[in-house]
Amino acid sequence: MTDTSPASTPGDAPDVLRVRGLAVDLGGARILHDLDLGVRSGEVVAVLGANGSGKSTLVRALVRAVPVAAGRAEILGAPLGPRVPWGSIGYVPQRVSLAGGVPSTAREIVASGLLGPRQVRRPRDWRARVDQALADVGLPGVGDHAVTELSGGQQQRVLIARALVRRPRLVLLDEPLAGVDLPSQEAFARTLRTLVSSGVTLVVVLHELGPLADLITRTVVLRHGRIVHDGPPLAPAHGHDEPDHEHLHAHEDAVERAPVSLGPEPFSREI
């Protein structure tokens, strides 16, 4: 796996996401090294790689959950920062629990995806949008349920609904299928197909393509924080598609497992 040529050329520069020379340091170590990446409108890009390759760090850097040490990124035509139209971006973090004793319902958590620094009130149609987002991820009728009553897989789907309720142009998903049973994965894949058909761009961190395989238009593979392949979809590495594969990021544990705020997304704060 040594193909490092970008899938896009200067003649068709990406119009949704551009990363140039991006570097990220965590715990005194450089995790991402000089990344160049472009994503065009309507693409479905899977970010793959071995444990500790920096896949999740890349997505978290793009939503400002971890700081960028060098380089630059542009999202939807604006440099990373408050000028980015964050309300048009959905983000689903990796493997988090919403059942930490917070007395919130599924509907309240999904509705929080509609809020931000410039959107402090829910829109008039918020309830219908929230209930539709929950139905889209296979959870109709659970809006009034406390998250403490939901399984881990159901909580993950609530977070996915929280991203989709924005009706986003770009969705960043960090292993969205982890902990979700196969029927729910297939239902979610159908939802993504509808999004893609409407022009939404997806960047998805995965350890196996699973039911999303036929959606992926391109794969970006990281190794030791560098891009080693950017091109046509690839099959998962040997062992990554095993049902009992444990997908851990040793250098990212403290970051990945940090509690997720039930308020505005990490990227929605003003700086």
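Colleague: Let's start with the sheet of four strands. In which order do its strands lie?

Modeller: In this predicted model, the order is β2-β1-β4-β5, and the sheet is open with antiparallel pairing. The general idea is that strands of a sheet are held to one another by backbone hydrogen bonds, in either a parallel or an antiparallel way.

Colleague: Why is one side of β2 and of β5 left without a neighbour in the sheet?

Modeller: β2 (29-39) and β5 (78-79) are the edge strands, and each has a single partner strand, so there is no neighbour in the sheet on one side of each. To see one pairing up close, go to β4, residues 70-75, which is joined to β5 by two bridges in the antiparallel sense. There you'll find I75 opposite A78 of β5.

Colleague: And which helix packs on that sheet?

Modeller: That's α1, residues 55-62, which touches β1 (17-26), β2 and β4. Its direction makes about 110° with that of β1.

Colleague: Is α1 mostly covered or mostly open?

Modeller: Mostly covered: eight of its eight residues are buried. Among them are K55 and R60, along with L58, V59 and L62. Just after the helix comes R64, and its phi is positive, near 65°.

Colleague: On to the sheet of six strands. How is it ordered?

Modeller: Read it as β6-β7-β8-β3-β9-β10; this sheet is open too, with mixed pairing. At its edges are β6 and β10 (226-231), each pairing on one side only. From one strand to the next, the twist averages 15°.

Colleague: Where could I look for parallel pairs?

Modeller: Try β3 (residues 44-49) and β9 (residues 218-223), which run parallel and share five bridges. L48 sits opposite V221 of β9. Another parallel pair is β6 with β7 (residues 170-174), joined by four bridges. In that pair, I89 faces L170 of β7.

Colleague: Which way do the residues of β6 point?

Modeller: In β6, residues 89-92, I89 and Y91 point one way, while G90 and V92 point the other way. All of these are buried.

Colleague: Now zoom out for me. How many helices and strands does the protein chain have?

Modeller: Six helices and 10 strands. Of the 271 residues in the chain, 51% are buried. The chain exposes about 12000 Å², with 52% of that supplied by carbon and sulfur atoms. And if you take the contacts with a separation of 6 or more, 73% are between residues 24 or more positions apart.

Methods. Residues numbered from 1 in each chain as written. Predicted model: local features only at pLDDT ≥ 70, side-chain atom pairs only at ≥ 80, totals over all residues. Heavy atoms only, no water. Pairing = 2+ DSSP bridges. Contact = heavy atoms within 4.5 Å. Axes fitted to C-alpha atoms, helices over the stretch in contact; angles between N-to-C directions. Buried < 20%, exposed > 50% of the residue type's maximum accessible area, 1.4 Å probe, protein only. Areas by Shrake-Rupley, 256 points an atom, 1.4 Å probe, with all protein chains shown as cover.
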